Amino acid sequence: MNTKSAVPAVKRPNGVAVGTIVWLGSEVMFFAGLFAIYFTLRAMNPELWAEQTSKHNFTFAAINTSILVLSSFTAQAGVFAAERMQPRRTGWSPMKWGTVEWFFLTFFMGAIFVAGQSYEYAVFVSEGITLASDPYGSAFYLTTGFHGIHVTLGLFAFLLVIGRIYAVKNFTHKEETTAVVVSYYWHFVDIVWIILFFIIYVIK
């Protein structure tokens, strides 16, 4: 009796996910350059940094940061729902929420963060700290501004994922992959902000 040996299936990594990770690697280098600019200017202007950082509202920034960090958990909950092929809720309890509900919550938390950052900018401008006012203003707005742009792009990405889920008749692995890669991006911007928070608001 002839028996054929079973050949184990080769599980290849998802090309979209790998491409996203590679692209995020290039984004790491971009923010590393911004961090280098910030530290260089701070080393050259220690007195200015001591004066301007004292104007920060640490409590407000910490609360805003907590909202963004918590949004990573809601985004991941949406990914878990996508992995079990549950696009929408099956009940009112958060335990029964699907990807759409968790991503909507993540969107609103991210929008609150952006609104909080805009409010902080308005306060700084009222105190005479602008992009062109001094080296501190340039460093602060460049680093936090580019991060804010990335957060805003992430918010649009969540809306696109939600719209795609509503548009398709059947939730498939393609939609799941889209949800996963958007979560990768969101986790990345969250990690970058945690680093920025410690650099700007903690290490004075």
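What pLDDT does the chain average, and what share of the residues score at least 70? The structure shown is a predicted model, and its chain averages a pLDDT of 90, with 92% of the residues scoring at least 70. Within the chain, confidence is lowest in helix α1, residues 15-44, where the mean is 86, and highest in α4, where it is 97. Residues 1-10 call for separate treatment, since over this segment pLDDT stays under 50, and the model has 0 contacts beyond four places in sequence for it. Where pLDDT is low, the predicted coordinates should not be read in detail.

With that caution in place, one may turn to helix α3, which spans residues 58-83 and contains Ser71. The relative accessibility of Ser71 is 0%, and the residue therefore counts as buried, the limit for that class being under 20%. The side chain of Ser71 makes a polar contact, at 2.8 Å, with the side chain of Trp186. Trp186 also appears among the residues that Ser71 touches once its neighbours within four places in sequence are left aside, the others being Thr106, Met109 and Asp190.

Thr74 lies in helix α3 as well, and with a relative accessible area of 9% it is likewise under the 20% limit and so is buried. Beyond its neighbours within four places in sequence, Thr74 is in contact with Trp102, Leu105, Thr106 and Met109. Thr106 and Met109 are thus contacts of both Ser71 and Thr74.

Following the chain onward, the loop between α3 and α4 holds Met85, a residue with a positive phi of about 60 degrees although it is not a glycine. Most residues other than glycine have a negative phi. Met85 has a relative accessibility of 31% and counts as partly exposed, because this value falls between the 20% and 50% limits.

The surface offers a further feature, a nonpolar patch of about 1000 Å² made by Phe30, Phe104, Phe108, Leu131, Leu142, Phe146, Ile149, Leu153, Phe156, Leu159 and Tyr166. Two helices, α4 (99-126) and α5 (135-167), each supply at least two residues of this patch, and its largest share, 7 residues, comes from α5. Phe156, one of the residues that make the patch, lies in helix α5. With a relative accessible area of 52%, Phe156 is classed as exposed because the value is over 50%.

Note on methods: Residues numbered from 1 in each chain as written. Predicted model: local features only at pLDDT ≥ 70, side-chain atom pairs only at ≥ 80, totals over all residues. Heavy atoms only, no water. Patch = residues over 30% accessible without salt bridge, like charges linked within 9 Å, V, L, I, M, F, W, Y side chains within 5 Å. Areas by Shrake-Rupley, 256 points an atom, 1.4 Å probe, with all protein chains shown as cover. Salt bridge = Lys/Arg side-chain N within 4 Å of Asp/Glu carboxyl O. Helix = DSSP H or I, 4+ residues; strand = E, 2+ residues; numbered from the N terminus. Buried < 20%, exposed > 50% of the residue type's maximum accessible area, 1.4 Å probe, protein only. Polar contact = N/O pair within 3.5 Å; in protein donor to acceptor, adjacent residues only side chain to side chain. Contact = heavy atoms within 4.5 Å. pLDDT = per-residue confidence, 0-100.
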